[in-house]
Amino acid sequence: SLALFAACHSLLAAPWTYRGTLNDGGKPANGRYDLRLTLLNESGTQAIIQPISLFDVTVKDGGFSVNVDFGIELSHAAAMKLKTEVQQGGSGFASLGEPTRFDPKAALAGVCWDTEGNAATDPAINFIGTTDAQPLVLRVQNQEVVRYEPSTQQFNGNPITANVIAGSEANGITGNTRGATIAGGGVPSGDSDPDFTDEGRNNVTDHFGTVSGGFNNQAGDANGTTADRAFATVSGGRKNGARGESSTVAGGQENFAFGTGSSIGGGIGNDAIGAAATAGGGRYNCAGGDHSWVGGSRAYTRAALEGCGGPSGDADGDNGTFVWADSEEAIFVSTGPNQFLVRADGGVAFNANTVGSNDDLIIAARALTGNANVDVKLTSRSGETGVLGVSDSTGSTFLTTAPNTGENRLNVTVVGVIGGIASLSNGGTWTNASSRSYKENFSSVDGGDVLRRLIALPIMTWDYKGSSEGLHMGPVAEDFKASFGLAGDGKSISTVDADGIALAAIQGLNQKLETENAALRARLEALERLMVMRAAPSR
């Protein structure tokens, strides 16, 4: 059997190009064939011209192309039919099916497009599309795969934009939404995909929303209006929703950006509720505060009213707060605005990538620039500074301050108890807090007893192990603790206690000396009286 499938194509007018596909014996034809073409009236009952024979037409792999000059002007002709016959090697022409409809005006207007390209076209009049308000639809296997819809909103009598809906036939937009784009993806609901769950269509419910791909994604909040959550974008993934104005979900699964300008980078189960809030990725994070950032696992910044561990008690949640949480399952939630919070059970390091099991925070020196010391510079609001660091050459820890004249170099305040400030004075002396208002449970001290204990306390010279600084003198903490029983762990000696013992011993020594001096004065006075009596003349 022989079959011919032909498509018309205009080269402005005559001659015409006739292209088609020829099968011979059920296979694509190869070789030279003769064609005979006859133009008939629209009903196919009468020939308009004498048959035109085209000899030795080359057919390769079933395809052919040949120019035809019908000898008459067809640019204004009515529709007609084209009868096609074929033969090979003088075997006699055989008709290929019924005559097919042929409309010269439509072909000249560009309705027929060459699948191998078109030349000399004018985009003002040659185009694929509609001239009325009907959408343009492309199908594959007779299923809709792309739809172009004009917007109902017009400007100067023309649609201001169009909706583009590609991918699954189930995809769609809501109501009179305009400027919507669904670039692909989407599947019908109900176990339609053999490999994945949570199937569903991609949907745009608000103006100028975009869903680029994936399935069961939505741009807009679907609350019945189409202008309040415009410009939302879901790039892909599944079951994601960009439901705030100008919000974005880049991908992942079950992520929802609710706040205006909020964004989610990906991951699973993340929410961005605050305005311009960001969930960078990870899983089950919640950015409730405006301009807040969360990432990792279960990191929360509180929202104003509810969700994300809220309410925060104010209108914008814990705004401006950054929260990073590690892989623990517990929620790590902010407690106020403009915080920088990190949960890292493995420790935190700057300029280092190794953290020991007992190291909570490591700050290492820069490897390439600056000096080799590690420095932490603290700067007050008015510009006063202090530097805490470790010397690279000696390994010693140093504290450098430049206080105003007369101000302490270092103040140590104990928070949580009634107490003062221990300080290193500007001149370099250590000063302990010792006000009566800081103390309680007073009892008197027997200076003589303290003196006796101090005299019995071993005082020795010694070196600190592993130190080359030289000899020191004093008691050991264990003996000190055993002698006086004061506060401490028995491994160290408080300067307050050492000073107190020294002062009490001085008082005890003074008391002893006063007692001894009084006794000596009494004896001296007695001797003086005796000597006077002996020197007096007798009668």
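Q: In S28, which residue is the bridge partner of Thr278?
A: This is a predicted model, where local features need pLDDT of at least 70, side-chain atom pairs count only at pLDDT 80 or more, and totals for chains, interfaces and linings use all residues. Residues are numbered from 1 along each chain as its sequence is written, and side-chain values use heavy atoms, leaving out hydrogens and water. Strands S26 (residues 278–279) and S28 (residues 293–296) run parallel and share 2 bridges; strands (E, at least two residues) and helices (H or I, at least four) are DSSP runs numbered from the N terminus, and two strands pair if DSSP finds at least two bridges between them. Look across from Thr278 and the partner you land on in S28 is Trp293.

Q: Which strands stand at the edges of the open sheet, each with a single partner strand?
A: The sheet is open and has 12 strands with mixed pairing, in the order S10-S11-S14-S16-S18-S20-S22-S24-S26-S28-S30-S32. Two strands have a single partner each, so one side of each lacks a neighbour in the sheet. Those edge strands are S10 (136–140) and S32 (340–343).

Q: How many Å is the radius of gyration of the protein?
A: Start with the outline: along its principal axes, the C-alpha trace spans about 195 × 50 × 45 Å. A compact globule of 539 residues would come out near 24 Å, by a rule of 2.2 Å times the number of residues to the power 0.38, with the radius taken over C-alpha atoms. The protein itself has 49 Å.

Q: What percentage of the residues in the protein is buried?
A: Here buried means under 20% relative accessible area, exposed means over 50%, and partly exposed is in between (1.4 Å probe, protein chains only). Out of 539 residues, the buried share is 29%.

Q: Within what arc do the buried residues of H2 fall?
A: Helix H2 covers residues 447–456, and its buried residues are Gly447, Gly448, Val450 and Leu451. Look down the axis and they line one face, because the directions from the axis to their C-beta atoms all fall within an arc of 160°.

Q: Which exposed residues does H2 carry on the face turned away from its buried side?
A: As a reminder, an α-helix has 3.6 residues a turn, so residues three or four places apart point the same way. The buried residues of H2 are covered by elements including helix H3 (477–484) and helix H4 (495–535). On the face turned away from that buried side sit Arg452 and Ala456.

Q: At the start of H2, the backbone nitrogen of which residue is within 3.0 Å of a side-chain oxygen of Asp446?
A: This one counts as a polar contact: N or O atoms within 3.5 Å, one able to donate a hydrogen and the other to accept it, with sequence neighbours counted only if both atoms are side-chain atoms. The oxygen of Asp446 comes to within 3.0 Å. The nitrogen belongs to Gly448.

Q: Which residue's side chain has a polar contact of 3.4 Å with that of Thr226?
A: Thr226 sits in the loop between strand S19 (218–219) and strand S20 (233–234), and it is buried at 12% relative accessible area. Leaving out residues up to four places away in sequence, its contacts (heavy atoms within 4.5 Å) include Thr174, Thr205 and His207. The side chain at 3.4 Å is that of Asn176.

Q: Which residue stands opposite Leu424 in S40?
A: S39 (residues 421–424) has antiparallel pairings with S38 (residues 410–413), over 4 bridges, and with S40 (residues 430–431), over 2 bridges. In the S39–S40 hairpin, with 5 residues between the strands, Gly428 has a positive phi near 105°. On the S38 side Thr413 faces Ile421, and on the S40 side Leu424 faces Trp430.

Q: At what relative accessibility does Asn156 count as exposed?
A: Asn156 isn't a glycine, yet its phi is positive, about 55°. Its place is the loop between strand S12 (154–155) and strand S13 (158–159). It counts as exposed at 67%.

Q: Which residue does a cis peptide bond join to Gly310?
A: Omega is about 5° at this bond. The partner is in the loop between strand S29 (299–301) and strand S30 (322–325). It's Pro311.
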